[in-house]
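Open the model in your viewer and keep the selection panel at hand. The stops below go from a whole chain to a single helix.

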Amino acid sequence: MLEVKNLTKTLPGGRKLLDGISFKVEKGEFVGILGPSGAGKTLTLRCLNGLLRPDGGSVLLNDGSNGVQDICKAGKRELRKMRRRIGVIFQGYHLVKRLSALENVMIGRLGEINTLRSILYGFTDKEAEEAFQALQNVKISHLAGSRIAGMSGGEMQRVAIARAIFQRPSLLLADEPISNLDPSNAKIIMKMIRPLAEQMPVIGVFHQPEMTAKYCTRVIAIKDGRIIYDGDPRLSNELLIEIYGEELRQIEQAPLALRVDEHHELHTTDAMIHKIRDHEPTGL
Amino acid sequence: MNLQDFSLRRYRKRLLPLSILLLLVILSARVCGVSGEGLRSGIIKGYAFLGHLFPPDWAAFPEMIGPAFESVVIALLATFFGVFLSLCFALAAAANISYPWLRSLSRAFIAIERSLPEIIIVLILVAAFGLGPVPGMLALTLGCIGMLGKLFADAIEEIDIVTIEAIEAVGANKGQVIVFGVLPQIMPRVISYAMFRFEINIRLSVLLGAVGAGGIGYELDSAFNLLQYHRAFTALIVTLLLVFIIERLSGYLRKKIKVEGALK
């Protein structure tokens, strides 16, 4: 179970990025966070796994065995320990390109493994088998030995999900996991994430209201650092316009979802630059 | 402005830097005492000296194999230890994974090392360890840090930092992040730079041999000092062969790595 209480983050200039975000997520829920760019969705998500420290508020994680812990107040060591229990899936996959799919999955459990053993790549047969199982779960075990470089976006996101599954987390976060994918791959990925909610709370940031309506159990909408909606994932048109602004109303012909898609095209350019950089020849 | 003016301007743009350069060259030649007459007589003397070298003393050839091998071993050991040390310094010097204070410290050390020529280092080390291959090897090892340390550090600063974040997000510690996130990403460059440095180390090990660090360079130098010019010529041929073979081999390997990297 995860409880977020009154998160605030203010820029030195006084602009409030997060202005009192509070919500509670239980096991079995797949929560989609919606909102326009710059609303504070990703910022909220980064607070949840300690990549960003808010100015105020707390993120309480309770997974039964360890009791309630506040990730916002954890020290360096504690933070590392807590992160083992939080799986993250990113928009840009964030896999190590020069390692194989299986090795990338194994990274998921680094936090639990003795440093010396992991530095020597000394994974046990049992761990290797479980990692392979995780790849089988996302139906990509045939690529277990292939390097990440050269895989398609859909394949990479599946490996990233396998990494998160192998990590055995008690909370799963997803930061725009389908924004770089084509519609059919996006659906496949959503179908793979959804059942994971039966074992742990899943929280994802999305730009696709039609997807969250279909696969999430609950939607939280954030605008200007505040929660403006929290409830049923099927949002009314009026609500969508309230979230994304009057622009949505202006072009009546195109379906809603399409226009929201255009909106986040900007985000994908970053990932593309990374891709180009990775394919540059190296060496002297 | 008519066309003629324009052409004049165009030439002036080229002429000014050229004439400044020419002036500098002439002034420097004056300071060093370079004269046309000196060059002419030097070339004639040098040509006559080349005659003394012929023919090479083939009988000495087998004796050169051992020292040549020693030069290769010196360079190999120095490259191996040098790459390892450079990686350590580079990890400490990379802005994206190191601490600010450690970064400036390591960067400063790398910069200082780079400004020290290997020949100075070996002179100090010969005073400490005496003549022989050990000071040569150590000097070349240290010599790697200045160049490789900086190249590796820059390579690390260019890696995909989001990958590092993802590995930190599973609760991995610094060592694990380095082994799983940093090293795989810089490995092709590390290997390529290391082989390039190995070529340099071969040439330097010959040079350092001449100041007492063993190997084929020592043979070359002592043959010259003993006025055994035919023997010196043999050593020279072996040196040329050695450098040529190593450069070809390393160039071939580096090309292979590059092609593989481009495909992946």
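Select chain B: of its contacts between residues at least 6 apart in sequence, 73% join residues at least 24 apart, a contact being two residues whose C-beta atoms, placed from the backbone, lie within 7 Å. This is a predicted model, in which local features need pLDDT of at least 70 and side-chain atom pairs count only at pLDDT 80 or more, while totals for chains, interfaces and linings use all residues. Residues are numbered from 1 along each chain as its sequence is written, and chains are lettered from A and ligands numbered from 1 in the order in which they are written.

Colour chain B by secondary structure: 10 helices and 0 strands appear, these being DSSP runs (helices H or I, at least four residues; strands E, at least two) numbered from the N terminus. The C-alpha trace of chain B spans about 75 × 75 × 40 Å along its principal axes. Buried residues account for 38% of the 264 residues in chain B; buried means that 20 or more other C-beta atoms, placed from the backbone, lie within 10 Å of the residue's own.

Next, select residues 153-166 of chain A, which form helix α6. The end C-alpha atoms of this helix are 20 Å apart, in agreement with the 20 Å expected for 14 residues at 1.5 Å a residue (the expected span is 1.5 Å times one less than the number of residues).

Of the 14 residues of α6(A), 12 are buried, among them A:G153, A:M156 and A:F166. Add β6 (86-89), α3 (101-107) and β7 (171-175) of chain A, which are among the elements covering them. Finish at A:R168, which follows α6(A) and has a positive phi, near 50°.
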